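This report describes the open and enclosed spaces of one protein model, the contacts among its aromatic rings, and the setting of one of its strands. The sequence and the structure come before the description.

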Amino acid sequence: MDEQTAPRRPAPPRPAAVLFDFSGTLFFIESADEALRAALGPEFVGWAPRLRDLGAINGSTEPRETPPHLAELWERRDLSAEAHRAAYSGLSRHAGLSEEQAAALYDRGVLPAAWRPYPDTVRVLRRLRELRIPTALVSNIGWDPRPVLAAHGVADCLDVLVLSDEQGVVKPDPEIFRRACAALAADPTDCVMVGDSVRADQGCEALGIRFALVSSVAAEREPDALLHAVGIS
């Protein structure tokens with residue numbers, strides 16, 4: 001069977017509600033080079049590779065290997081703002097930055113200016129609003145993303161924010177997804193969870209929520225990846 005006669009994969013059914021991850025799904029953070037330049041000055045850009053390897057840039061890559069003295073703190077970083085700041089600042093200090101430099105780098109990472117939407121983020125959220133499909137942000141996070149959403153004009157496009165540091169539970173625990181569906185008054189089996197992490201976001205499947213995986217790498221992502229994942233046009 002050639003390409004012209006091959007049957008097309010059927011589109012997924014339109015969901016009753018959509019759950020989104022934040023970092024790596026709707027928004028991505030600036031590069032380590034940009035973060036260092038903005039927070040500490042151009043003379044610190046050379047620190048970028050070490051900070052990337054240690055996972056010290058908020059919203060960026062996971063540490064290749066967590067320093068033993070920070071391991072317990074890293075595991076609970078998304079349960080409170082204090083733990084989140086301490087974990088990331090601790091990694092920056094471990095890399096060699098001073099306490100003041102580590103604090104400045106962390107502060108940069110939670111500013112709206114450090115975050116950018118993927119090409120179709122605004123379009124898909126506004127389209128869901130037009131279709132009156134309820135939405136929730138379900139994120140493992142230790143800081144408030146609301147200013148980022150507001151800065152990019154989508155704060156009113158998300159009906160519910162279910163954040164780990166406010167809920168006291170982190171993905172992949174099904175409980176955080178259950179709370180999101182309950183807040184939307186939606187049957188989990190009629191919902192879709194869109195995220196970039198199989199380990200964290202696929203936990204939704206324990207409730208029968210359909211999981212749609214997207215790439216976190218902006219350069220590799222199709223410009224309408226979120227639209228395809230959600231199943232709308």
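## Rings, spaces and a covered strand

The charged end of R77 is placed over the ring of W74, at 3.9 Å from the centre of that ring. A second contact of this kind involves R221, which lies over the face of Y118 at 3.6 Å from the ring centre. The model in which these contacts are found is a predicted one.

Rings also meet one another in this model, and the structure holds 6 aromatic pairs. Two of them, including their geometry, are set out below.

| Aromatic pair | Distance between centres | Angle between planes | Arrangement |
|---|---|---|---|
| F22 and W143 | 5.9 Å | 80 degrees | edge-to-face |
| F28 and Y118 | 4.9 Å | 50 degrees | tilted |

The pair of F22 and W143 counts as edge-to-face because its planes stand at 80 degrees, where the cut-off for that class is over 60. F22 belongs to the loop between β1 (17-20) and β2, and W143 to the loop between β4 (135-139) and α7 (146-151), so the pair ties together parts that are 121 residues apart in sequence. Both partners are buried, F22 with a relative accessible area of 1% and W143 with one of 7%. F22 and W143 are also members of one aromatic cluster, which they form with F27 and W115.

The pair of F28 and Y118 likewise links distant parts of the chain, since F28 is in strand β2 whereas Y118 is in the loop between β3 (115-117) and α6 (121-130), 90 residues apart. F28 counts as partly exposed at 22% relative accessibility, whereas Y118 is buried, with a relative accessible area of 2%. Y118 thus takes part in two kinds of contact, with the ring of F28 on the one hand and with R221, over its face, on the other.

Turning to the open spaces, the largest pocket has a volume of about 950 Å³. Its lining is made up of 38 residues, among which S23, G59, S60, E62 and D196 lie nearest the centre of the pocket. Two or more residues of this lining come from each of β2 (27-29), α3 (71-75), α4 (81-95) and α10 (198-201). Divided by class, the lining of the largest pocket has 15 nonpolar, 12 polar and 11 charged residues.

Of enclosed space, the model has 1 cavity of 30 Å³ or more, and about 80 Å³ of space lies in the largest cavity. The residues that line this cavity include I29, A35, Y88, L105 and Y106. The elements giving two or more residues to the lining are α4 and α5 (99-109), and α5 gives the most, with 4 residues. The lining of the largest cavity divides into 8 nonpolar and 4 polar residues, with no charged residue.

A last topic is strand β6. This strand, residues 191-195, is mostly covered, with 5 of its 5 residues buried. The cover extends to both faces, as C191, M193 and G195 on one side are buried and so are V192 and V194 on the other. Strand β6 pairs with β1 in the parallel sense over 4 bridges, an arrangement in which L19 stands opposite M193. Strand β6 also pairs in the parallel sense with β7 (residues 210-213), again over 4 bridges, and here G195 stands opposite L213.

Conventions:
Residues numbered from 1 in each chain as written. Predicted model: local features only at pLDDT ≥ 70, side-chain atom pairs only at ≥ 80, totals over all residues. Heavy atoms only, no water. 1 Å grid on protein atoms, 1.4 Å probe; cavity = no way out; pocket = protein on both sides within 12 Å on 5 of 7 lines; lining within 4 Å. Points joined across faces, edges and corners; volume = space filled by probe spheres on them. Nonpolar A, V, L, I, M, F, W, Y, C, P; charged D, E, K, R; others polar. Phe/Tyr/Trp six-rings, centres within 6.5 Å; stacked < 30°, edge-to-face > 60°. Buried < 20%, exposed > 50% of the residue type's maximum accessible area, 1.4 Å probe, protein only. Lys NZ or Arg CZ within 6 Å of the ring centre and 35° of its normal. Pairing = 2+ DSSP bridges.
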